[in-house]
Amino acid sequence: MATSILLTGASGLVGTRLTEMLIQKGYRVTHLGRSKRPGKVPSYVWDVAKGEFDQEALHGVDVIIHLAGAGVADKRWTPQRKKEILESRTKSSALLYERLRSSDNKVRAVVSASAIGYYGFGLDERIILTEESKPGTDYLSGVVVAWEREVDAIASLGIRIAKIRIGIVLSDKGGALKEMAGPIKMGIGSPLGSGKQILSWIHLDDLCGIFIKAVEEESMRGAYNAVSPYPVTNREMTSALAKILKRPLLLPPVPAFILRIVIGEMTDIVVNGSNVSSEKIQKAGYTFKYTSLESALKTLFKGV
Ligand SMILES: NC(=O)c1ccc[n+]([C@@H]2O[C@H](COP(=O)([O-])OP(=O)(O)OC[C@H]3O[C@@H](n4cnc5c(N)ncnc54)[C@H](OP(=O)(O)O)[C@@H]3O)[C@@H](O)[C@H]2O)c1
């Protein structure tokens, strides 16, 4: 029988593509989300804030891929939004733990999303961050640390845990690339902050490939960075986008204080980079499909 995989947060950028790729590979896929969705993939409902969970969702499931979480860059970080960003991750992971603990099920692995925000911002970018590096001390690092802690608790049930620390995902369907390409398409693009900050990016298909590897590879346990082996600076990324979109790049870069007025505390994500290592996932046997930013952007802007 095909391995059965339950995805949480499957309606998002990663879940949509990952569902397609898993089905192509012959997996049986089901979804657990905030609402029941029509379509070929059977879906079940949970309400994380209320602690409600359709227990049927676990029936016959071998592996859970846990992606759920309120969008970090979707809205301004008000105190209410910050609480939602945190609790949608910690409480959803705790709810998974509770339902796995209290039910008869055959789940043998949980592969959870995490983020390179774990390491924090404003670090010396000459230092390459590995999975052994210390967590940061800012708000987002705190979220990721608390999220991973709840996911780790599931290991006490004898279930294998892999945490995928995701970098900046490049996709033509949304996310960071859409935000970066938007101003450039309008002819008002420029680097942000110093422009020298390092962006540890990954093509969406490589990220989904890493999730599938973590499902299949029984020896994968603990944290893995999901970033391409070829990080670039913000200026290199903006220039490459301008080139592929055949638009000019306005100079000088937009200073951080202007960004802070426009997008508030989230500016930290944009003006500070992090130089993250892909060595561990490569050693685990994952071979990247997109080996340079140019090759990734070419597939993402095919029609341009
Ligand atoms: N994309 C990136 O660049 C990136 C980088 C680092 C980390 N990550 C992490 O990877 C995961 C997947 O990323 P993504 O880009 O696919 O995110 P996304 O497009 O924002 O999708 C996340 C999904 O989580 C569910 N969700 C949203 N708000 C929720 C809430 N308050 N409570 C419970 N569930 C909620 C929704 O699925 P349903 O409607 O089906 O419930 C949503 O579609 C996220 O946890 C994200 O933080 C992504």
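Two strands are said to pair if DSSP finds at least two bridges between them. The views below show a predicted model.

**View A. Strand β2 and its two partners, β1 and β3.** Strand β1, made of residues 4-8, pairs with β2 in the parallel sense, and five bridges join these two strands. Within this pairing, L7 stands opposite H31, a residue of β2. Between the two strands the chain passes through helix α1, and the β-α-β crossover that takes it from β1 to β2 is right-handed. Strand β3, which covers residues 43-47, also pairs with β2 in the parallel sense, here over three bridges. H31 of β2 comes into this pairing as well, since it stands opposite S43 of β3.

**View B. The burial of strand β2.** Why is strand β2 described as largely enclosed by the rest of the structure? A residue counts as buried when its relative accessible area is under 20%. Five of the six residues in β2, which spans residues 28-33, are buried, and the strand is therefore largely enclosed by the rest of the structure.

**View C. The ligand and the residues that surround it.** The ligand is surrounded by 22 residues, of which the closest are S11, V14, R34, L67 and R89. When these surrounding residues are sorted by class, the shell holds eleven nonpolar, eight polar and three charged residues.

**View D. Polar atoms of the protein beside oxygen atoms of the ligand.** In the side chain of R89, an N or O atom is 2.7 Å from an oxygen atom of the ligand. At V14 it is the backbone that takes part, with a polar backbone atom 2.8 Å from a ligand oxygen atom. The backbone is again involved at V169, where an N or O atom lies 3.3 Å from an oxygen atom of the ligand. Taken alone, the ligand exposes 890 Å², and the protein buries 81% of that area. The elements that each give two or more residues to the shell around the ligand are helix α1 (13-24), helix α2 (79-102) and strand β6 (109-115).

**View E. K246, a residue in a loop between two helices.** K246 is found in the loop that lies between α6 (234-245) and α7 (256-263). The phi angle of K246 is near 55°, which is a positive value in a residue other than glycine. Is K246 buried or exposed? Its relative accessible area is 63%, and a residue counts as exposed when this value is over 50%, so K246 is exposed.

Key
Residues numbered from 1 in each chain as written. Predicted model: local features only at pLDDT ≥ 70, side-chain atom pairs only at ≥ 80, totals over all residues. Heavy atoms only, no water. Near = heavy atom within 4 Å. Polar contact = N/O pair within 3.5 Å; in protein donor to acceptor, adjacent residues only side chain to side chain. Areas by Shrake-Rupley, 256 points an atom, 1.4 Å probe, with all protein chains shown as cover. Helix = DSSP H or I, 4+ residues; strand = E, 2+ residues; numbered from the N terminus. Nonpolar A, V, L, I, M, F, W, Y, C, P; charged D, E, K, R; others polar. Buried < 20%, exposed > 50% of the residue type's maximum accessible area, 1.4 Å probe, protein only. Right-handed = clockwise from strand over helix to strand, strands pointing away.
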